[in-house]
Amino acid sequence: MLLQGYINPHASEGWFNRWRMAHTLGCIVFTTLVILVALLVNSTAPKDAAAAAPSTPEMVFLAVAVAFLGVPHGATDHIVGDFLCRPACPRAWLIPFAATYLGMMGGVVLCWLALPSLSLGAFLAMSVVHWGLGDAEVDLVPTALLPLEVLVRGSIPVLIPAKVYSQEVASIFAWLVGGSPDSPRVAPLMASLHFLLWPFGGAMGMLVAYHLWAAKRGVPSSGPPPLAKTAGVRHVLASVEMMVLSTLAGTCPPLITFVVYFCVWHSVRHILCVASATFDPHLPRQALGAFMMHALPFTATTFALAWYFYPSSHAHEGTGGWTAEDFLDKPAIAQMVFTGLSAVTVPHMIITEISQVRQRALTAFRRRDGGRDAERYPSGAGSNGSNAAEMGCRS
């Protein structure tokens, strides 16, 4: 069920898959430039200048990038909520949806407060699956290899930095769960990530080899004809993507790797997917404009909540309020970004998957019923009657 993938037979005839390929190629070029800059900086910096923890500019860059690129990509979950709740509550569907969504977010935050180490491990595991589902193209991979492809591609931004930049990653984890980087709260998780790197490396090598072999041999796609025509190019792009992202993770500090992957690759890819599936599969400018308009209210709400809770939660006692020192507090920024992301990732994944199940059930029902109850059981959340669930937009 989780591995339905990233195919929309209707949008494949429109702009989405062309734009996805163009976006992947552009990201490869951009990421390569980032890698070259990182290599140049590393070659000119003193050898003893490796920081044991991310710098304050890195933390501020992380917060700004996630705010303006990462947050909007998940700010249209209410569209899926419309699809899920409107049949039961046509006039007040937003109330049960918002209550459920906020309740799940609150539950995640409580888990972080009560069981921080377990919550961090669960957040990393969910992120790996979530990212892998967004990156894998199921029409290119045999069913037997698909779970492996999902896990490998989602693990790149996690496992490689944990090994190459072990001290920095351990410091970030310590900020999130409390204690020191070598404390019992952090050390077991770091040891587990180091252990998983070895099978991950072998699996990624096998997948890269498979995609290159499939491109050379012309292995056909299992998708609709518009996708099948580009199978060879997409096989090559998939192998290059994995190699470039792995190089990025091994040469750049972990927060830079996270920003480039999460904001430039993952978020934009998801925006393209949802815009095409939900708003307009044929006119990209109209689709992206509609996406931004629908994302704006919830993005602004997120900014307002962060602006209100962040200083009040982290202001130092006796300072008379919020100071610049509070604003630039690195552990506070890390907690705000990653705890906040985990709080929205859980409901985002659950609601998207529920929408997939409901869409498939309604499709099967209509086929059996001959379409007589199409008005009673609407399938679309957007004005064009399509839905992000139809594409499998799980990024």
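**Salt bridges and helices in a predicted all-residue model**

Counting a salt bridge as a side-chain nitrogen of Lys or Arg within 4 Å of a carboxyl oxygen of Asp or Glu, the count comes to 7 salt bridges. This is a predicted model, so to speak of its ground rules: local features need pLDDT of at least 70, side-chain atom pairs count only at pLDDT 80 or more, and totals for chains, interfaces and linings use all residues. Residues are numbered from 1 along each chain as its sequence is written, and side-chain values use heavy atoms, with hydrogens and water left out.The protein chain has 15 helices and 0 strands, where helices (H or I, at least four residues) and strands (E, at least two) are DSSP runs, numbered from the N terminus. Of its 395 residues, 50% count as buried, that is, under 20% relative accessible area, with exposed meaning over 50% and partly exposed in between (1.4 Å probe, protein chains only). Contact here means heavy atoms within 4.5 Å. Among contacts between residues at least 6 apart in sequence, 77% join residues at least 24 apart.

On to the individual pairs. Side chains of opposite charge can pair when their charged atoms come close. Arg-20 and Glu-137 do this at 3.6 Å, N to O. Arg-20 sits in helix α1 and Glu-137 in the loop between α5 (116–135) and α6, so the bridge ties together parts that are 117 residues apart in sequence. Both ends are covered: Arg-20 is buried at 4% relative accessibility, and Glu-137 is buried at 10%.

The loop between α5 and α6 also supplies Asp-139, whose side chain meets that of Arg-234 in a salt bridge of 2.6 Å, N to O. Arg-234 belongs to helix α10 (residues 231–251), and the two partners are 95 residues apart. Arg-234 is buried, with 3% relative accessibility, and Asp-139 is buried with a relative accessible area of 3%.

Helix α10 carries Glu-241 too, and its side chain meets that of Arg-153 at 2.9 Å, N to O. Arg-153 lies in helix α6, so this pair ties together parts 88 residues apart in sequence. Arg-153 and Glu-241 are buried. Salt bridges that share partners join Asp-135, Glu-149, Arg-153, Glu-241 and Arg-269 into one network.

As for helix α6 (residues 146–164), 14 of its 19 residues are buried. The helix bends by about 55° at Ser-155, with Pro-157 following within four residues; the bend is the angle between axes fitted to the seven residues ending there and the seven starting there. The end C-alpha atoms of α6 are 27 Å apart, in agreement with the expected 27 Å, where the expected span is 1.5 Å times one less than the number of residues.

Helix α1 (residues 16–44) holds His-23, which is buried with a relative accessible area of 12%. Leaving aside residues up to four places away in sequence, His-23 touches Val-264, Trp-265, Val-268, Arg-269 and Leu-272. Other buried residues of α1 include Met-21, Cys-27 and Ile-35. For the 29 residues of α1, the expected span is 42 Å, and the end C-alpha atoms are 42 Å apart.

Leu-36, also in α1, joins Leu-25, Val-29, Leu-33 and Leu-39 in a nonpolar surface patch of about 460 Å². Patches are made of residues with over 30% relative accessible area and no salt bridge, like charges being joined within 9 Å and nonpolar side chains (Val, Leu, Ile, Met, Phe, Trp, Tyr) within 5 Å.

Key. Areas by Shrake-Rupley, 256 points an atom, 1.4 Å probe, with all protein chains shown as cover.
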